[in-house]
Amino acid sequence: MIIAIVNSKGGVGKSTIAVHLAGHLSEQGYSVTLADCDAQGSSSEWIAEAAPKVKAVRLTSRDDILNNLPTLGSEADFVVADGPGSDADTSRALLLRADFAVVPCKASMLEVRALAQATEVLRQSQSIRDGHPKAVIALSMVGKNYRLTRDMKEAAAALDLPLAKTAISLRQIYADAPGQGALVWGLGARGREAADEIRSLFRELLPERKAKKRKTPKGRGRLAKRKR
Ligand SMILES: Nc1ncnc2c1ncn2[C@@H]1O[C@H](COP(=O)(O)OP(=O)(O)O)[C@@H](O)[C@H]1O
Ligand SMILES: [Mg+2]
């Protein structure tokens, strides 16, 4: 499954969510590739330190993505693609290949107003591909006293994009994690609340995966015992 984290705006939390999602799925026992599609290459460096089991690949051009993403997808259980900022060609290529898209959006009216533009490439792809990739908006950097206004819900609804129930809060620990070469759940008690919320976002986005994961080790254990 190829999951693209996209928003043509920079600084909305794409790399933060992509690296944590790749690390989370890897810790669940899946084989995971992080496709770093941002020319800056920061998420591939971060994941190499924070979750070395995840294979990191840089795909920085439209043709790189179109040509290589399907193979990467067939070689791993999950490919998490960290999308570029303003490079519409790269984003378009990614969305033409992705099975599912997560659109991080900063929780402010300004950002929500810009959402139509930030998701234009997504809608192009959905129109070409008969509704694919399915996409969900994930609010990120939500301030303490922030309430989801009706305006925001309406903006998402007008674009026909569902809004994830779980939002990611604005917390210093997320900004500290890359410098520490870690994921928030690797940063001890300070990271606990962030870890809980971001994992609950991932469970909401990929609910069926949770069930699959629980069955496999149990089943194997039982078989192994019977053989002995
Ligand atoms: N929930 C958050 N709370 C606080 N800081 C965050 C949060 N998410 C991301 N950041 C920080 O904001 C900046 C932009 O985030 P990043 O994930 O790099 O966005 P993008 O990949 O969309 O450009 C980075 O410095 C990052 O560490
Ligand atoms: Mg980024």
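This is a guided tour of one predicted model, moving from the whole chain to helix 8, a cavity, two pockets and some backbone details.

**The whole chain**

Begin with the chain displayed as a cartoon, where the secondary structure comes to eleven helices and six strands. If you colour by burial, 46% of the 228 residues count as buried. Contacts reach across the sequence as well: among those with a separation of 6 or more, residues 24 or more positions apart account for 71%. Switching to a surface representation, you are looking at about 11,900 Å² of exposed area, of which carbon and sulfur atoms supply 48%.

**Helix 8**

Select residues 150-158, which form helix 8, and show the side chains of M152, A155 and A156, the buried residues of this helix. Turn the view until you look down the axis of helix 8: its buried residues fall within an arc of 95°, so they line one face of the helix. What do these buried residues pack against? Add helix 5 (109-113) and strand 6 (134-140) to the selection, since these are the elements against which the buried residues of helix 8 pack. Then rotate to the face of helix 8 that is turned away from its buried side, where you will find the exposed residues R150, A157 and A158.

**The second largest cavity**

Keep helix 8 and strand 6 on display, because each of them supplies at least two residues of the lining of the second largest cavity, as the helix and strand definitions number them. The structure holds two cavities of 30 Å³ or more, and the second largest of them has a volume of about 40 Å³. To outline this cavity, select C105, V112, L115, I137, L139, M152, A155, A156 and L163, the residues that line it. Helix 8 gives the most to this lining, with three residues; M152, A155 and A156, the buried residues of helix 8, appear in the list of lining residues too. Which classes of residue make up the lining of the second largest cavity? It has nine nonpolar residues, with no polar and no charged ones.

**The largest pocket**

Move next to helix 1 (14-27) and helix 9 (172-180), each of which supplies at least two residues of the lining of the largest pocket. About 270 Å³ of space lies in this pocket. Its lining consists of 15 residues, and to centre the view you can select T16, M141, R171, Y174 and A175, which lie nearest its centre. Helix 9 gives the most to the lining, with four residues. Colouring the lining of the largest pocket by class gives eight nonpolar, six polar and one charged residues.

**The second largest pocket**

Go on to the second largest pocket, which has a volume of about 230 Å³. Select G11, S15, D38, Q40 and S42, the closest to its centre among the 14 residues that line this pocket. The elements that give two or more residues to its lining are helix 1 and helix 2 (42-50), and helix 1 also supplies at least two residues of the lining of the largest pocket. By class, the lining of the second largest pocket divides into three nonpolar, nine polar and two charged residues.

**Backbone details**

The last stops concern the backbone, and one general point helps in reading them: most residues other than glycine have a negative phi, and most peptide bonds are trans.

Select the loop between helix 7 (120-128) and strand 6, where P133 has its place. Is the peptide bond from H132 to P133 cis or trans? That bond is cis, with omega near -5°. In the loop between helix 7 and strand 6 you will also come to D130, whose phi is near 55°, a positive value in a residue other than glycine. D130 is exposed, with a relative accessible area of 71%.

Finally, return to helix 8 and step past its end to D160, which follows this helix and is found in the loop between helix 8 and helix 9. D160 has a positive phi of about 60° although it is not a glycine. Is D160 buried or exposed? At 69% relative accessibility, D160 counts as exposed, the cut-off for that class being over 50%.

Conventions
Residues are numbered from 1 along each chain as its sequence is written. Chains are lettered from A and ligands numbered from 1 in the order in which they are written. This is a predicted model: local features need pLDDT of at least 70, side-chain atom pairs count only at pLDDT 80 or more; totals for chains, interfaces and linings use all residues. Side-chain values use heavy atoms; hydrogens and water are left out. Buried means under 20% relative accessible area, exposed over 50%, partly exposed in between (1.4 Å probe, protein chains only). The arc is that of the directions from the helix axis to the C-beta atoms. Contact means heavy atoms within 4.5 Å. On a 1 Å grid over the protein atoms alone, a cavity is a set of points where a 1.4 Å probe fits but cannot get out, and a pocket is an open set with protein on both sides within 12 Å along at least five of seven lines; lining residues have an atom within 4 Å of a point. Grid points are joined across faces, edges and corners, and a volume is the space filled by probe spheres set on the points. Ala, Val, Leu, Ile, Met, Phe, Trp, Tyr, Cys and Pro count as nonpolar, Asp, Glu, Lys and Arg as charged, and the others, Gly among them, as polar. Accessible areas come from the Shrake-Rupley method with a 1.4 Å probe; for residues, only the protein chains shown count as cover.
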